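Here are my notes on the structure you sent round. Have it open while you read.

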Amino acid sequence: MGKRAKGGRDRRRLAPAALAPPPPGTSSVGFAQWLGHYGIILVLFETPSGFALLNYDGVKLFRPKALENIWSEFINMDTAQNVAFFKGFQTFEDKSSAIKSIGACSKLGKMIKSTLWPGMKLAVGKQEYKDIIEASLGIHCLFDEAVLEVMWGLKNLIKFLVPDEELELTNEDCLQISQGMKLVLDRYGFEVDASLVNSGIIDMASTVYECDLFEDARVASLQNGSKQLEEVSGIDSKNWDRLKLATALKLICYPNDEIVTGDSEEMLSKSEAEQLVTDAHRYKHKRHDWIYLELYKEFVWAHGVRRRALELLGPMVKEAKEDLKLQQGSMVKEEQQEVKQHP
């Protein structure tokens with residue numbers, strides 16, 4: 001009894017003091033300084049047969065819209081190989097003994113400490129792992145929803161990022177949905193839970209997200225043009241679709257070009273187009289023809305790619321739901337037959 005109590009006191013003494021991260025709005029440099037080592041952190045990733053260690057840019061965990069951004073880096077190896085770097089892997093005959101309430105085992109502790117630089121933060125996939133490792137090893141750990149997005153990404157590409165892992169993920173581990181991906185799908189009206197996720201849905205959701213991100217990077221230029229429309233033509237375009245605004249800016253630069261008008265949110269109405277053509281000469285000293293023309297081309301491209309991805313997503317989600325119903329129906333029949341055979 002006395003020995004166990006003494007061990008408990010030792011673990012508490014090892015636990016690092018609570019270090020709250022900088023507040024939201026802090027610069028990337030500020031977060032990097034708080035994390036140390038230029039923002040690079042070590043990630044402890046639990047695999048089917050053990051644990052892997054990878055380096056990751058920890059600053060990404062604290063950037064705006066981190067949940068929406070992180071998952072998309074792990075859709076394929078082309079992007080993932082630039083953000084996650086394999087450092088080591090260790091199997092455990094009894095993985096449950098690697099991290100227990102009394103502390104991390106010596107084998108895991110040695111693995112972590114041999115890879116962790118002094119003062120480096122360690123990201124873990126469970127709150128209990130954070131509590132136990134901080135108490136038993138004295139290592140400051142990170143765990144939150146953003147960290148879970150990294151873990152989702154590592155699972156998605158486990159065969160590439162942890163090539164030494166020979167076992168397959170369990171169904172419980174596979175049937176997960178990234179919170180960032182769910183935010184994107186919800187935004188476009190697709191109700192997808194963990195049981196419906198497959199590689200096709202992941203790829204199309206990523207395509208939609210990349211198109212959104214592509215447009216977001218060009219919003220500032222559109223907003224400048226929106227102010228000009230209001231100042232010169234008295235047109236309030238604040239709530240316009242981005243493609244519609246890009247079309248309007250292109251039209252004032254090239255009023256002789258033909259455009260298709262209509263009532264959809266992406267199109268200028270006939271009256272709006274006529275007014276812009278009439279006022280085009282008034283924009284002579286305020287417009288940047290080549291900039292607005294390139295913006296128009298880019299938004300047309302992004303709009304087309306996203307529209308096609310959304311068109312493909314619909315049937316994919318429908319098919320996934322139908323497959324799930326068939327699986328559930330088959331399971332019910334098997335259970336009923338089991339009951340008949342063993343009443």
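The points below cover confidence, one helix and one glycine.

1. First, a reminder that this is a predicted model. The chain has a mean pLDDT of 88, and 88% of its residues reach 70 or more.

2. Where is confidence lowest, and where is it highest? The low end is helix α1 (residues 2-14), with a mean of 45, while strand β6 (residues 122-123) sits at the top with 98. For residues 1-13 the pLDDT is below 50, and beyond near neighbours in sequence this stretch has four contacts in the model. I'd leave that part out of the discussion.

3. Now have a look at helix α2, which covers residues 28-35. Its buried residues are Gly-30, Phe-31, Ala-32, Trp-34 and Leu-35. They pack against two strands, β1 (40-46) and β7 (141-142). An α-helix has 3.6 residues a turn, so residues three or four places apart point the same way.

4. Just after α2 comes Gly-36. The phi of Gly-36 is positive, near 80°.

5. Next, Gly-50, which lies in strand β2 (residues 50-57). Is Gly-50 buried or exposed? Its relative accessible area is 0%, so Gly-50 counts as buried, the cut-off being under 20%.

6. What does Gly-50 touch, leaving aside residues up to four places away in sequence? The list is Phe-45, Phe-89, Gln-90, Thr-91, Phe-92, Lys-95 and Glu-165. Take Thr-91 from that list: it is 41 residues from Gly-50 along the chain, yet their C-alpha atoms are separated by 4.1 Å.

Note on methods: Residues are numbered from 1 along each chain as its sequence is written. This is a predicted model: local features need pLDDT of at least 70, side-chain atom pairs count only at pLDDT 80 or more; totals for chains, interfaces and linings use all residues. Side-chain values use heavy atoms; hydrogens and water are left out. Buried means under 20% relative accessible area, exposed over 50%, partly exposed in between (1.4 Å probe, protein chains only). Helices (H or I, at least four residues) and strands (E, at least two) are DSSP runs, numbered from the N terminus. Contact means heavy atoms within 4.5 Å. pLDDT is the predictor's confidence in each residue, from 0 to 100.
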